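Student: Could we go through the cysteines of this protein and the reasoning behind each label they are given?

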Amino acid sequence: MSTRKASEGEEPRIESRAQLIAPMQAGEKPAARWRIGTEHEKLVYRRSDKAAPSYHEPGGIRDILLAMQEFGWEPVIEEGPDGTPDVIAMSGSDGTISLEPAGQLELSGAPLESLHQTCAETGRHLDQCRAVGEKFGVGFLGLGMWPDKTRDELPIMPKQRYEIMKRHMPRVGNLGLDMMLRTCTIQVNLDYSSEADMAQKFRTGLALQPVATALFANSPFTEGKPNGFLSYRSHIWTDTDPQRTGMLPFVFDEGFGYERYVDYMLDVPMYFVFREGRYIDAAGQSFRDFLKGELPALPGELPTESDWEDHLSTAFPEVRLKSFLEMRGADGGPWNRICALPALWVGLLYDQTALDAAWDLVKHWTMEERESLRDTVPAQGLAAPVPGGRTLRELSREVLDIAHAGLVARGRSNSMGDNESGFLDPLREIVERGKVPAEVLLEKFAGEWGGDLNRLYEAKSF
């Protein structure tokens, strides 16, 4: 059993800009040490009534977490908002199982060498979820958003930071609580070898993130009805908090690197500071003030390196930099798409020839064109127009060809032999049929399901 460090002890205080840049520099690795970290969330529901289980109810979220001990996972304890120690995650060889604000269950997978390992890890986790689900009468749904629940129908998990975020979100956007309570995503975390390599991958990932948003679009229902979007999850991010979301235009500026990202993060308002086992509410306050000892929440105190690392995790742009790059544009979905997302980005970013080719597709776009595509894709999917008079479907076909070539080249160059390009097949099928997953769901809803979303639970549970 483990706990989050309750006291910072003798941890160094931040007294130089070099300490702010250090986490990003520390992420630099030679290509032989690049790894793949995949994160995926799923909606948890009681099979008896399709309701979202609360944390403390019998067979609820706490019991689900603790049941994972049967598979070798160890509880992670944190003091809850009421001062009671609670299990808020499980730690194991496959990474961490954690909780999103309304009990969405997330696997943050281990850093792995190959997509074959990633997909095997995903399969193990889903097998364990199904076994625990049988025990407690719960199911797990692979979608980008709750299709039928109102905010008020959803529980809040007993994590201190979520209480702070829940209070703060309505001050800065209209849909932040929807982001917290109703959405699910798939993400992949990838490495870089140098500042220049990071910058090229960051730019390429941002420009092409709408491709992932379209191919994985899987959230067309809100409160039981079509919502007018294919990825409502992606749309939600446009009205969550403009100071910590979006396409980051400065990433495309000449000379972009760690220093510029530090400046961005210093301008992102804070959420909290962690001290002595408690999250102190610093929502809306400035990390720049913190560096001067002038943070209202902790007057006279300087931040620690852990405070900065915590702060780096509170921005939510389409691609995020910490000591690795996070690709953040995809809705939650089924097993084969959980495997396909890392395949897409590994194919594009982990082979230099592929990376150059991918960047060549988008490097001439203006920032206005990038922003327009990002804003259009949640509703239009593959039909969205891209610069040059084409559609995103046509661009996606080219992107998948480049990713395929990158994976084939990766297979030739590493000692594993077997290339990983087959994991792209579900995405190729989407492009060939010209319908993203949400469009297939909408057709079924209007047709054979007769407007009955119980059929959605039957079709999209793991």
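**Cysteines and a helix pair**

Tutor: Let us begin with Cys 339, which is called buried because its relative accessible area is 3%, set against a cut-off of under 20%. Bear in mind throughout that this is a predicted model, with a mean pLDDT of 96 for the protein and 97% of its residues at 70 or more.

Student: Which part of the model has pLDDT under 50?

Tutor: That applies to residues 1-8, for which the model has 23 contacts beyond four places in sequence.

Student: What makes Cys 119 and Cys 339 a disulfide?

Tutor: The S to S distance between Cys 119 and Cys 339 is 1.9 Å, and the rule asks for cysteine sulfur atoms within 2.5 Å, so the pair qualifies as a disulfide. By this rule the count comes to 1 disulfide. The bond links distant parts of the chain, since Cys 119 lies in helix 3 (residues 115-136) and Cys 339 in helix 11 (residues 335-349), 220 residues apart.

Student: Why is the disulfide of Cys 119 and Cys 339 called right-handed?

Tutor: The torsion about the S-S bond of Cys 119 and Cys 339 is about 85°, and the disulfide is therefore right-handed.

Student: Is Cys 119 buried or exposed, and how do you know?

Tutor: Cys 119 has a relative accessible area of 6%, and because buried means under 20%, Cys 119 is buried.

Student: Why is Cys 129 not bonded to Cys 184?

Tutor: The closest cysteine sulfur to that of Cys 129 is in Cys 184, and at 12 Å it is too far for a bond, given that a disulfide needs the sulfur atoms within 2.5 Å. Cys 184 is accordingly in no disulfide. Cys 129 counts as buried at 2% relative accessibility, and Cys 184 is buried with a relative accessible area of 0%, both values being set against the cut-off of under 20%.

Student: Why is helix 3 called roughly antiparallel to helix 11?

Tutor: The axes of helix 3 and helix 11 cross at roughly 155° and come within 10 Å. Angles over 145 degrees count as roughly antiparallel, which makes helix 3 roughly antiparallel to helix 11. The crossing of these two helices, helix 3 and helix 11, is right-handed.

Student: Which residues of helix 3 and helix 11 meet?

Tutor: On the helix 3 side they are Leu 115, Thr 118, Cys 119, Thr 122, Gly 123 and Leu 126, and these meet Trp 335, Ile 338, Cys 339, Pro 342, Ala 343 and Val 346 in helix 11. The disulfide partners Cys 119 and Cys 339 are thus included among the residues that meet between helix 3 and helix 11.

Definitions and conventions: Residues numbered from 1 in each chain as written. Predicted model: local features only at pLDDT ≥ 70, side-chain atom pairs only at ≥ 80, totals over all residues. Heavy atoms only, no water. pLDDT = per-residue confidence, 0-100. Contact = heavy atoms within 4.5 Å. Helix = DSSP H or I, 4+ residues; strand = E, 2+ residues; numbered from the N terminus. Buried < 20%, exposed > 50% of the residue type's maximum accessible area, 1.4 Å probe, protein only. Axes fitted to C-alpha atoms, helices over the stretch in contact; angles between N-to-C directions. Parallel < 35°, antiparallel > 145°, perpendicular 65-115°, else oblique. Left-handed = near helix turned anticlockwise from the far one by under 90°.
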